[in-house]
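Me: Got a minute to go through a structure with me? I'd like to talk about salt bridges, a strand and some cysteines.

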Amino acid sequence: MADATDILDLADRQYEALALNARATATDVQTLWRQLPTPNTPGFRTAVREITPAISDRITVGQFASIRTAEGFFRAQVAAQNGLADMSVEPSRLLAPTVNLIGDIEQAADHAAYMFYRKGVSPIQAQLAGLGRIVQTTATNTQDAGREAVALLSASTKSVHFQVRKLRVPSCKRCFQLAGRRSRSTAAFRRHPNCDCVNIPIGFDVDLTDALRGNSNASLYIPPSNPFFGIKFPADVLHRL
């Protein structure tokens, strides 16, 4: 029988690894973006086109790093449940980045120009607005690649019956409601920008509730709507939802 604590620990470590890669990717993209002139500069659009390949390449590298990370944790999760990761696919070959990276970069540039010409903010503020947009999409798309890898591997591995969604606290109300949801889809679950939920492969019904209820911290709450998964919530988080 799988140890529930081990399963949840691996899920937390998976989140940390994917989040670290996403932050590193976003930081590098931020450095590249800061090389652009402000949107009121005549050569702004030309500079955006010139730097787009470098930004796109860096995001692609980050996505494939997420795929490889997720693949490693997938094997560990299945092994922790006494299963065999009889993987018949290689996500690093099948999961080419599916997002329109060039479109994302253009939208960030459009947002910067919009903030300057339509909203009347200063050139520097407009530049930062575009920066915020590209950093957000970079981090989200990079983590998406890892989630997609787990979904594809779960669907193609015989010893995995389904995948289940786990969130991190503090969390938004939407993710709270979806915590513990099972899926057999080859596509990752729907998420909002900067979502940090992860999907865990489950080979058979593993009851994680008792392990969490054994925690002596009385402030931890287990949503009764998700008895299978038993997500931990500090009580004060619930009051903010």
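What follows is a short chat about this model.

Me: Before we start, what kind of model is this?
Reply: It's a predicted model.

Me: OK. How many salt bridges does a search of the whole structure find?
Reply: Six turn up. One of them joins the side chains of Asp 9 and Arg 13, at 3.7 Å from N to O.

Me: How far apart are Asp 9 and Arg 13 in helix H1?
Reply: They sit four residues apart in H1 (residues 4–33), so about one helical turn separates them. Asp 9 is partly exposed at 38% relative accessibility, and Arg 13 is partly exposed too, at 45%.

Me: Which residue does Arg 45 form a salt bridge with?
Reply: That's Asp 110, and the closest N and O atoms are 2.8 Å apart. Arg 45 belongs to helix H2 (residues 44–80) and Asp 110 to helix H4 (residues 101–117), so this pair ties together parts that are 65 residues apart in sequence.

Me: And how accessible is Arg 45?
Reply: Arg 45 is partly exposed, with a relative accessible area of 36%. For its partner Asp 110 the value is 38%, again partly exposed.

Me: What about Asp 144, which residue is its salt-bridge partner?
Reply: Arg 147, with 2.9 Å between the closest N and O atoms. Both lie in helix H5 (residues 123–156), three residues apart, or about one turn of the helix.

Me: Is Arg 147 buried or exposed?
Reply: Buried, with a relative accessible area of 1%. Asp 144 is buried as well, at 15%.

Me: Staying in H5, what does Ser 154 touch?
Reply: Leaving out residues up to four places away in sequence, Ser 154 touches Phe 74, Val 160, Gln 163 and Pro 201. Ser 154 is in helix H5 and counts as buried, at 6% relative accessibility.

Me: Which backbone oxygen lies 2.8 Å from a polar atom of the Ser 154 side chain?
Reply: The one of Val 150.

Me: You mentioned Gln 163. Which way does it point from strand S1?
Reply: Gln 163 and Arg 165 point one way, while Phe 162, Val 164 and Lys 166 point the other way. In a regular strand, side chains alternate between the two faces of the sheet.

Me: How many of the S1 residues are buried?
Reply: Five of five, so to speak: S1 (residues 162–166) is mostly covered.

Me: How many bridges join S1 to strand S3?
Reply: Five, and S1 and S3 (residues 198–202) run antiparallel. S1 also pairs with strand S2 (residues 182–183) in the antiparallel sense, over two bridges.

Me: Where does Gln 163 fit in, what are its bridge partners in S3 and S2?
Reply: In S3 the partner is Pro 201, and in S2 the partner is Ser 183. Ser 154 touches both Gln 163 and Pro 201.

Me: Switching to cysteines. How many disulfides does the count come to?
Reply: Zero.

Me: Why is there no bond between Cys 195 and Cys 197?
Reply: The sulfur of Cys 195 has its closest cysteine sulfur in Cys 197, but at 3.8 Å that's too far for a bond. The cut-off for a disulfide is 2.5 Å between the sulfur atoms.

Me: And is Cys 195 buried or exposed?
Reply: Buried, with a relative accessible area of 2%. Cys 197 is buried too, at 1% relative accessibility.

Conventions: Residues numbered from 1 in each chain as written. Predicted model: local features only at pLDDT ≥ 70, side-chain atom pairs only at ≥ 80, totals over all residues. Heavy atoms only, no water. Buried < 20%, exposed > 50% of the residue type's maximum accessible area, 1.4 Å probe, protein only. Pairing = 2+ DSSP bridges. Salt bridge = Lys/Arg side-chain N within 4 Å of Asp/Glu carboxyl O. Polar contact = N/O pair within 3.5 Å; in protein donor to acceptor, adjacent residues only side chain to side chain. Contact = heavy atoms within 4.5 Å.
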